[in-house]
Structure formats: structure tokens, C-alpha cells
Amino acid sequence: MGISTGTQFDTLGPTLTVTTEPAEPAGGDTITATAVLTNDCPFPLRNAVLHLINPGATTAAKTIPLGDLRLGAKTTRRWETAMPADAAGNVSFTAHLVFDVDGRSSDCARSAKTFTVPYEPNGGRDPYRTFATTDDAEFGQYGSQLVIWAGGRDFSGGTDEKGGILLPGSAAESSVVQVKTVSLTGSDNPTAKYGIAVANDLTAPEKGGYAVLTMSKSFGLEFMTDSDGDGHLDTWAGGGGSTHPAWLRLVRDGTTYIAYSSTNNGLSWTETARATVPSASGALDAGVVASAVNLNYPGTTVQAVFDRFTVEES
């Protein structure tokens, strides 16, 4: 388990650190986290407020008004919490200090004790279903994150070998399928890929409506569709450099699919391409997929991490 601790963010700002006991907690452990704040600023901190934040939380577990802190003042605050039982990836206990500067609130210091917890296959849970066309596929679910371990020779060119996690019948005639592609590790193959897939039946692409939008390890986006409904991906658009993490979005309007990507957390989107898939019919399966594309890298597998997979009517 790798560990790093937060440090001072501004040489003229306050020093804020976070430690935990135990120092290397496991999932489910009760933890005492300690935040230590020292005012190293050349001025007092006015109306200081300390926010103590648990792993994965979007709001503070504790909000502690500290009032005015003189130059050199030091204060310690502790909070008890639990390591999430399904924690994996980067897990942080965070302290965040704000105070007034010239009558305005300033976001001045943030520190975290961060643990890198390995992902381990733990299967999928309802409402998700898993499927694979390669024997070595495994799956995991950690909060809002989905994880696929898979080998597989490729998605296209007559070969379709991958692992996937799907929501059956979730993509309506007008819908938006979206996911954050977090990381793709485990292979040096630059063409390994992970992303979104839709089809009338993802476990049987020959039933029509099949398309994938993926981010490759090094060669950018790939938007591939099945133009004739035979279950094989035979159109391609994309290219460029790869970004990890990135956001992928596939918009369906009947038999028209439009592929988008974002590298700024969905604040803006770039259209990759659009295509017509005449065999798309009714509500489609939508999911996430991964392949090591290991035809020239025999035996390799990838670990693909996704976050915040959603399917919504538009």
C-alpha cells in the first residue's frame, strides 16, 4: 500500500498536515485522523474555518470554526471515521482551511493523507450484468467505480474479444450514455482500449445496433460501429493522443449515434464523429468494455477503471 501525506501548499500560507492512526488502515477499519494547522502567514488568520472530510465525501464530516489565529498559532483537531469497506484506488482523509482576506473568504490550504489501495476483483452487483468474450475477464465494483480486468485480441477486424459490464435495455431511442475513463494499466500495448458500448444485445452483437466508443492507451479515441448488422465493427473514426482520465459520451437518436469526448470533466465536449446504425432497434443494452488488444502482446491483460457510468433519456 503506497502512502503520501499532504504538505504546505503556499510558502506564505499556513502549514496544514493530516495523519492517521493506524498509519496504513484496511477497508472497514476505524480510523482517527489528525489535522495540525500552524499559522506561518506574516499576518493573523481572520474567521478561520477548518473542514474535515472523509474519503469519497463531498461535504465535510466536521466543520470547525477557529476564529482568529495569531501569527505562529498552532491548533490540532481530530476526527474519527471508518475506512470505506469497498475502498480502492486513491483514498484520502482531507483537511481544508478557509479564512478571510480583505473581507473575502479565501481557500488557502488543503492537505490530505492519501492511501493507494489496490483494486481486487469482487464481481458486479445489481443492476449491472457482466459478460465476456475472453476467458480471463474479471470484474469489480467500488462505489461509483467499475473495474474490468481483461485480455482479448481486439474489438474489430473480425475479432471481438473483451470483458464488459452492462445495464440491460437502458438506452432508449433518445439517450445519452456517459462515463469517465479513469485509468488503463497492466500492459504496454499502446492499442489497448476501454470505453462505452451499446447494442440491441451486448452479449450477442450480431443482433444489431452495435457500436463502441473507446479511449486507447496511447493512440486516442476510437469510435467504431457495425454498419450492416452482422455483429462486426466495420466503421472507424477517431485518432489523436490519449488522455487518462477523460470523459466519453455516446448520444443515441434512433439509429444515429454521435460520439463526444471531454478532457475537462465535462465542462466542454468535442464531437468525434457521428454514424448511422440501421439495425439499432428499441431499448439498447449500454455498458463499459475493455480489451488488452493483445494479438501482438500474447498473454497480457489490462485493468480498466471507470467512474460515474450513467445512461439517461435525452
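This section describes the overall build of the chain and then the surroundings of one residue, Gln-303.

The model is predicted. Secondary structure in the chain consists of 22 strands and zero helices. The C-alpha trace spans about 75 × 40 × 35 Å along its principal axes. The chain has 314 residues, and 51% of them are buried. Contacts between residues at least 6 apart in sequence were also examined. Of these, 63% join residues at least 24 apart.

The surface was considered next. About 14,000 Å² of the chain is exposed. Carbon and sulfur atoms supply 47% of that area. The chain carries 21 positive and 34 negative charges. The mean position of the positive charges lies 10 Å from that of the negative charges.

Gln-303 was then examined in detail. This residue belongs to strand β22, which runs through residues 302–313. The relative accessible area of Gln-303 is 16%. Gln-303 therefore counts as buried, since the cut-off is under 20%. The side chain of Gln-303 makes a polar contact with the side chain of Trp-149, at 3.2 Å. Neighbours within four places in sequence were set aside for the wider contact list. With that exclusion, Gln-303 touches Val-147, Ile-148 and Trp-149. Contacts of Gln-303 also include Ser-183, Leu-184 and Thr-185. Tyr-119 is a further contact of Gln-303. Trp-149 thus appears both in this contact list and as the side-chain polar partner of Gln-303.

How values were computed
Residues numbered from 1 in each chain as written. Predicted model: local features only at pLDDT ≥ 70, side-chain atom pairs only at ≥ 80, totals over all residues. Heavy atoms only, no water. Helix = DSSP H or I, 4+ residues; strand = E, 2+ residues; numbered from the N terminus. Buried < 20%, exposed > 50% of the residue type's maximum accessible area, 1.4 Å probe, protein only. Contact = heavy atoms within 4.5 Å. Areas by Shrake-Rupley, 256 points an atom, 1.4 Å probe, with all protein chains shown as cover. Lys, Arg positive; Asp, Glu negative; His and termini not counted. Charge placed at Lys NZ, Arg CZ, Asp CG, Glu CD. Polar contact = N/O pair within 3.5 Å; in protein donor to acceptor, adjacent residues only side chain to side chain.
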